[in-house]
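Biologist: I would love a close look at a single part of this model, taken slowly and with its surroundings. Please walk me through one part, piece by piece.

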Amino acid sequence: MNILASHRGRIWFDLLAAQMTVKEGAVPSLLIGEGELSGRTCSLLLIQPDAHNRYPRARHGEVGLLEGWALAEAVSHIVSQEATVEPVHKSAIIAIVDVPSQAYGRREEALGIHQALAGAVSAYAQARQAGHPVISLLVGKAMSGAFLAHGYQANSILALNDSGVMVHAMGKAAAARITMRSEDALDELAKTVPPMAYDLKSFATLGLIDDFIDVSSAIAPSPEDIELVQRQLVQAVKNLGGDTQITKRLQGENRGASRLVRERLRAQWKSAAPK
Amino acid sequence: MSNGNDPRLAISFVEQSARKRVEHILDAGSMREMVTPFDRVTSHWLEMQGIVPQFDDGVVTTRGSIDGKSVVAIAVDGSFQGGSLGEVAGAKIAGTLELAVEANQAGESIAAVLILETGGVRLQEANLGLAAIAEIQSAIVALRQFQPVVALITGPVGCFGGMSITAGLCSYLLMTREGRLGLNGPQVIEQEAGVSEYDSQDRPFIWGLTGGEQRDATGLIDDFIDSDVIKVRQKVQEYLSKGVPKAFRSEAIQSSLDRLKKVDTRSQITAEMARAILSKEASL
């Protein structure tokens, strides 16, 4: 299946990193911006399409073998550089998310793409747990394993309020095949089953989005749009107030069972202790 | 019980139910299940879609001991919805691991054993499955600093999707010959990339790339183990006793990048080529 590479991520990266130092990560598909956001040091990370990627299944912005490990390298470098910095002064790490999927291919499976993505997840989680504010800014697709590796370990997730911003566990065509339903039937189900929906409003009821940002255009942002997004990023860092967890997601309207299970576990925990 | 050295009399771990698997791993009589089937916390999302739920939602989560050492032991039931994780199943795993983290932070030592038999996200609960997996991953990264988190993949389902990433975060990863480990399920790859890239019907090809023996030969797991229940238990004991490793597999960043940047991708890869690229002996 051919997909068109998205340039949304790059558009937002370039505008947000205009005053920053920009460099490539371990591979050209990872861009890193280093600078300041309202006085706080920060790094912007973007996975972008690379038509010359050594791995052909990762040429449209997918998170593949190299991208997973490159993210791991970039994020863990920031963490180790600032190991002795007080949490309140640690730099913010901002993932700009526009990832169509993980890379699907034979080489990817054979060479352990799951482990490459684990490298990225591990680095992001360690950064957050060490006290770095980790913010995800969704500007395009945030799909499945690619989102787990780049963005889902953030302690705050912001999204442009735009129909091109989508979060999902699997592309529609593949999901239809695996669940033996038509794509139309999946759309129909999504209307009544919020976790199956592809739209952002449904996703937000799962407690996963902290704020929607109303921009005039997601693909040709105005200077006001950029300022607004910058203000929201700064605010998101402030709102964290040192929180290193992702537990606030459980407060979502459609996370009742997630809370109930945890309440029961906590209630039974002590009496289940080994004698 | 397994009888001495006669392999014909060994009891296969692979054939045990999720609950039995946990029981076999733990010290006799020490298993205490939490949020049991009697709690009847089922998936209302499945019911909304006309699918009969299961009273444990396909996850058995317990506390117990192994060699007297306090652990949480969790098994995914591969026979219910392919071991897929929805909201309840995912919350049982994440919630248990979060409590283990809290206990360790308070000075109590509790390790973890995960028996993974899972296709990953349950597509009927799509985004909530994905969210739960992110929460499980966060808890493992926190817990593994204190105590070992040992993951077992024994088959027949294997470990796929977001949960393969979870496996890659654990302190130690053990697989049997029947186990498989991969990010994308064969059907999904065939759907996305075509049958010439990945033939989901070709079972020897799939086991050859993602089976336990290959994963061991490519250094992507710690041990290739026998599926006899006694030996599985011994291996879990052995790895728990190793404590927290000096470095985690998910931190092998530079060596992985060095190897993967040199791969010739002009021709398609074979299992043998993958071994040559990733084996511990492969020169850098």
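Modeller: Gladly! One cut-off first: two strands count as paired if DSSP finds at least two bridges between them. Please also keep in mind that this is a predicted model. The part I have picked is the open sheet of chain B, which has seven strands in the order E1-E2-E3-E5-E7-E8-E9, with mixed pairing. Its edge strands are E1 (32–34) and E9 (223–224) of chain B, each of which pairs on one side only. Helix H3 (residues 87–105) of chain B packs on this sheet and touches E1, E2 (59–66), E3 (69–76) and E5 of chain B. The direction of H3(B) makes about 25° with that of E2(B).

Now let us step across the sheet, beginning with E5(B). In general, the strands of a sheet pair through backbone hydrogen bonds, in a parallel or an antiparallel way. Strand E5 (residues 111–115) of chain B runs parallel to strand E7 (residues 149–153) of chain B, and four bridges join the two. If you would like a spot to zoom in on, Leu114(B) in this pairing has Ala151(B) of E7(B) opposite.

E7(B) is also joined to E8(B) by four bridges, and these two strands run parallel. Here Ile153(B) has Met175(B) in E8(B) as its bridge partner. Between these strands comes helix H5 (residues 162–167) of chain B, and together E7(B), H5(B) and E8(B) form a right-handed β-α-β unit.

What do the side chains of E8(B) do? In a regular strand, side chains alternate between the two faces of the sheet. In strand E8 (residues 172–175) of chain B, Tyr172(B) and Leu174(B) point one way, while Leu173(B) and Met175(B) point the other way. All four of these residues are buried.

The next step takes us to the edge. E8(B) pairs with E9(B) in the parallel sense, over two bridges. Leu174(B) has Asp223(B) as its bridge partner in E9(B). Just past that strand, Ile225(B) sits in the loop between E9 and H9 of chain B. Is this loop residue buried or exposed? Ile225(B) has 25 other C-beta atoms within 10 Å, so it counts as buried. Beyond its sequence neighbours within four places, Ile225(B) contacts Leu174(B), Met175(B) and Thr176(B), and also Lys231(B), Val232(B) and Lys235(B). The C-alpha atoms of Ile225(B) and Leu174(B) are separated by 6.7 Å, although their places lie 51 residues apart along the chain.

For a contrast further along, take Pro245(B), in the loop between helix H9 (229–241) and helix H10 (253–260) of chain B. Pro245(B) has 14 C-beta neighbours inside 10 Å, and therefore counts as partly exposed. Its C-alpha atom is 8.9 Å from that of Arg144(B), a residue 101 places away along the chain.

Now for the surroundings. The largest nonpolar core has 182 residues. Among those with the most contacts inside this core are Leu97(B) and Val150(B), along with Leu45(A), Ile94(A), Ile96(A) and Leu117(A). Helix H4 (residues 126–143) of chain B gives the most to this core, with 13 residues. Leu117(A) shows how the two chains meet: leaving out residues up to four places away in sequence, its contacts include Val63(A) and Leu148(A), and also Ile165(B) and Leu183(B).

Seen chain against chain, 77 residues of chain B are in contact with 72 residues of chain A. H4(B) gives the most to chain B's side of this meeting, with 13 residues. That side has 39 nonpolar, 26 polar and 12 charged residues.

Finally, a stretch of chain A to set beside E8(B). All five residues of strand E6 (residues 156–160) of chain A are buried, so this strand is largely enclosed by the rest of the structure. Ser156(A), Leu158(A) and Leu160(A) lie on one side of E6(A), with Ile157(A) and Ala159(A) on the other. Strand E5 (residues 134–143) of chain A runs parallel to E6(A), joined by four bridges. The chain passes from E5(A) through helix H5 (residues 144–149) of chain A to E6(A), in a right-handed β-α-β crossover. E6(A) also runs parallel to strand E8 (residues 211–213) of chain A, over three bridges, and Leu160(A) has Ile213(A) as its bridge partner there.

How values were computed. Residues numbered from 1 in each chain as written. Chains lettered and ligands numbered in written order. Predicted model: local features only at pLDDT ≥ 70, side-chain atom pairs only at ≥ 80, totals over all residues. Core = buried A, V, L, I, M, F, W, Y, C linked by C-beta atoms within 7 Å. Buried ≥ 20, exposed ≤ 12 C-beta atoms within 10 Å, placed from the backbone. Contact = placed C-beta atoms within 7 Å. Axes fitted to C-alpha atoms, helices over the stretch in contact; angles between N-to-C directions. Right-handed = clockwise from strand over helix to strand, strands pointing away. Nonpolar A, V, L, I, M, F, W, Y, C, P; charged D, E, K, R; others polar.
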